[in-house]
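Work through the following exercises with the sequence and the structure side by side. Each task is followed by a solution that goes step by step.

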Amino acid sequence: MFPSSDKPIGYILKRYPRLSETFILNEIRALERLGTRLTLFSLLRPEETHYHPTVNEVRSPVHYLPVSWLEKARTVAGAHLSVLAGAPGRYLHALGLATWWSIRTRHPISVGKQFLRAGFVASHCRREGIKHLHAHFANAPATVARLASVMSGITYSFTTHAKDLYLSPPRVIERRVRSASFVLTCTQHNVDYLRGFLPPEEQRKVHLVYHGIDLSAFPPAALDEPAQDLPLILSVGRLVPKKGMTDLIEACRLLRDRGVPFRCAIVGQGPLRNDLEQRVGELQLGNEVQFLGAMAHDRLIRFYGEASMFALACHVTEDGDRDGIPNVIVEAMATGLAVVSTQVSGIPELVDHGRNGILVPPRDPAGMADALQRLIEQPALRNRIGQAARDSIEGRFECWETAKEVRSLLLAEAAS
């Protein structure tokens, strides 16, 4: 599978595998299929008990720190001594950087933790001949990549997505971009945001690469209505504030009060689940709205085929957190579902209002209820929008195509 000419690439992830990060899994699978040699470093062990079946297709080795504190301490100490002995000047440089950052931050313990992890990564880089490091997310993984890069003398890059970008101070992001060889991000909205504070010489490092999906796993749904009594509204996402599930529940209340027949299934897990279930109870929506918890990807793909439409009421939270282009919207559109979402962040880059989906303002449950009611009452409209949605994904979001640019950038750095 791996051409001998390819130099090994280290991939640093916060937690692997993870149900909510299908986009990273797709990228790894696509890079492997293209022949890229990867070594994965997961800063944390997986916390979920079930995974997407496609995790089993990944052949790259994965390195974790040991579970027991004693074994972890031995491993980290051995790694740091190895790196120090191999390149004392670089090691002391990284130590100085970490010390300086810990003085300037309100979270010095976090910096210390990333420094210890960086030694673990750097020692593997030396032993396994890794020529470039790439981190997913601009926070802890990028910090580890930067420090490991300094320790090992190899280049590094990172992908920034949404929360990691918008909740990090611009001066910190600028510092990381300056030290990286290139930066990837997944929406034009993010690119424009970065260009708003990066100096011109750093802007050239930023590349837009949309998250791709494996389109072969998403057969387009038949235009005939799913065999069910009531139209099914499907929503998928972590139960966190930025997904706007409270607005969707309120939209469901409005539909129920208008006498519109429907069911709504919410797939996902998260800290707001108890609050959201309580709200559904208060509104007496138990017959209309169901919470199905986290769902493995193969089962979710089948579930898309049972839905009549897809809804996600994203908004920007008070602390600035937001989505980029939620992968579940891409997946729903790939199956030919008509999508209702909001004019937030990168979503309008994908959803062209009135053509391949419907957009409403964020925090507007009445607007979302109006859009859903139109789709429930007009099957021909949702079929037309669903077909346009599928066509849009085929043209721009196939992971085997989007991964080619990622691979090209990674290999160029590994060969330099």
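**Exercise 1.** Determine how many bridges join strand β1 to strand β2, and which residue stands opposite Ile12.

*Solution.* Strand β1 covers residues 9-15 and β2 residues 38-44, and six bridges join the two, which run parallel; strands are DSSP runs of E with at least two residues, helices runs of H or I with at least four, both numbered from the N terminus, and two strands pair if DSSP finds at least two bridges between them. Within this pair, Ile12 faces Phe41 of β2. Helix α4 (residues 108-128) packs on the sheet, where it touches β1, β2, β3 and β4 (contact: heavy atoms within 4.5 Å), and its direction makes about 160° with that of β2, angles running from 0 to 180 degrees between N-to-C directions of lines fitted to C-alpha atoms, for helices over the stretch in contact.

The model is predicted, with local features needing pLDDT of at least 70 and side-chain atom pairs counting only at pLDDT 80 or more, while totals for chains, interfaces and linings use all residues. Residues are numbered from 1 along each chain as its sequence is written, and side-chain values use heavy atoms, leaving out hydrogens and water.

**Exercise 2.** Place β5 among its partners and decide why it is largely enclosed.

*Solution.* Five bridges join β4 to β5 in parallel, with Leu133 partnered by Tyr156. On to β6 (residues 183-185), β5 has three bridges, again parallel, and Thr160 is partnered by Thr185. Five of the six residues of β5 (155-160) are buried (under 20% relative accessible area, 1.4 Å probe, protein chains only), so the rest of the structure largely encloses this strand.

Key. Buried means under 20% relative accessible area, exposed over 50%, partly exposed in between (1.4 Å probe, protein chains only).
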